[in-house]
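The following note is intended to accompany your reading of the structure shown below. Please keep the model in view while working through the numbered points.

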Amino acid sequence: MRGARRTEQWFWRWRSNPLRRRDDALEAWLVTAVWALVIGGGTLRGAVTGRAADGVFAQQRAERTAVRAVLLTGTPQAASNSYRSVAKVRWTARDGSTRTGKTLVKAGRAAGSRMTVWTDARGELTTEPPSRGEAAVESALLGASAALAASGLVVGIGGAARWRLNRRRIDSWGTEWALVGPQWGHKIVPHD
């Protein structure tokens with residue numbers, strides 16, 4: 001019994017009621033549309049974005065190649081092993097030509113050290129592509145962010161529309177009260 005009463009309270013805008021206004025029904029449809037767009041549209045947007053990001057990461061893994069290189073300039077020693085600095089390296093491209101370029105190298109490496117660098121399809125230096133696990137996590141985060149952004153936009157637009165409906169209802173109530181209120185009021189005549 002109690003659950004049925006709660007359900008009736010939730011769906012009061014859908015029931016036939018002489019006090020229900022057109023704006024109440026419009027608001028019910030608006031809230032339904034917002035929830036449908038948040039659930040359906042947000043999920044779709046997140047899935048499409050996640051899949052697109054995963055495709056980009058897979059393409060990066062396919063196009064980029066690890067190449068052995070020689071460090072031409074040493075890097076200064078740092079307090080932390082995570083510190084990196086720009087240094088010049090030399091490597092042999094797929095076509096057999098020797099190339100040089102600058103890349104980020106861990107601190108404390110001496111000139112002549114061997115290291116691994118990543119090159120793109122043209123043989124130019126690039127960053128290491130994300131592993132499958134890193135790509136999956138990043139794709140999921142990008143998809144979730146896109147879903148939240150799309151949902152936030154829909155909720156914001158829906159909130160603005162509901163605010164406008166509430167303003168319209170309040171104005172309507174004010175107009176109706178201006179017509180009916182004086183009929184209900186009692187005039188108090190002061191006694192001398």
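1. A definition is needed at the outset: two strands are said to pair if DSSP finds at least two bridges between them. By that rule strand S2 is paired with strand S3 (residues 98–106), for 9 bridges join them, and the two run antiparallel.

2. Please bear in mind that this is a predicted model. The mean pLDDT of the chain is 85, and 86% of the residues reach 70 or more. Confidence is lowest in helix H1 (residues 2–10), where the mean is 59, and highest in helix H2 (residues 22–63), where it is 93. Where pLDDT is low, the predicted coordinates should not be read in detail.

3. In what order do the strands of the open sheet lie? The order is S3-S2-S1-S4-S5, 5 strands with antiparallel pairing. The edge strands are S3 and S5 (125–126), each of which pairs on one side only. In general, strands of a sheet pair through backbone hydrogen bonds, either parallel or antiparallel.

4. S2 and S3 form a hairpin with 5 residues between them. In the turn, Gly96 has a positive phi of about 95°. Across this pair of strands, Thr92 stands opposite Thr98 in S3.

5. Strand S1 (residues 65–71) also pairs with S2, in the antiparallel sense, over 3 bridges. Here Ala69 stands opposite Trp91 in S2. At the other end of the sheet order, 2 bridges join strand S4 (residues 114–119) to S5, and these strands run antiparallel. Trp118 stands opposite Thr126 in S5.

6. Which side chains of S2 (residues 84–92) are buried, and which are not? In a regular strand the side chains alternate between the two faces of the sheet. S2 shows this alternation: Ser85, Ala87, Val89 and Trp91 point to one face and are buried. Arg84, Val86, Lys88, Arg90 and Thr92 point to the other face and are not buried. Trp91, the partner of Ala69, thus belongs to the buried set.

7. Two packed helices are described by the angle between their axes and the distance between the axes. H2 and helix H3 (residues 132–184) pack at an angle of about 160°, with their axes 7 Å apart. Because of that angle, H2 is roughly antiparallel to H3; the cut-off for this term is an angle over 145 degrees. H2 passes H3 in a right-handed crossing. By class, their contact has 17 nonpolar, 8 polar and 12 charged residues.

Conventions
Residues numbered from 1 in each chain as written. Predicted model: local features only at pLDDT ≥ 70, side-chain atom pairs only at ≥ 80, totals over all residues. Heavy atoms only, no water. pLDDT = per-residue confidence, 0-100. Helix = DSSP H or I, 4+ residues; strand = E, 2+ residues; numbered from the N terminus. Axes fitted to C-alpha atoms, helices over the stretch in contact; angles between N-to-C directions. Parallel < 35°, antiparallel > 145°, perpendicular 65-115°, else oblique. Left-handed = near helix turned anticlockwise from the far one by under 90°. Nonpolar A, V, L, I, M, F, W, Y, C, P; charged D, E, K, R; others polar. Buried < 20%, exposed > 50% of the residue type's maximum accessible area, 1.4 Å probe, protein only.
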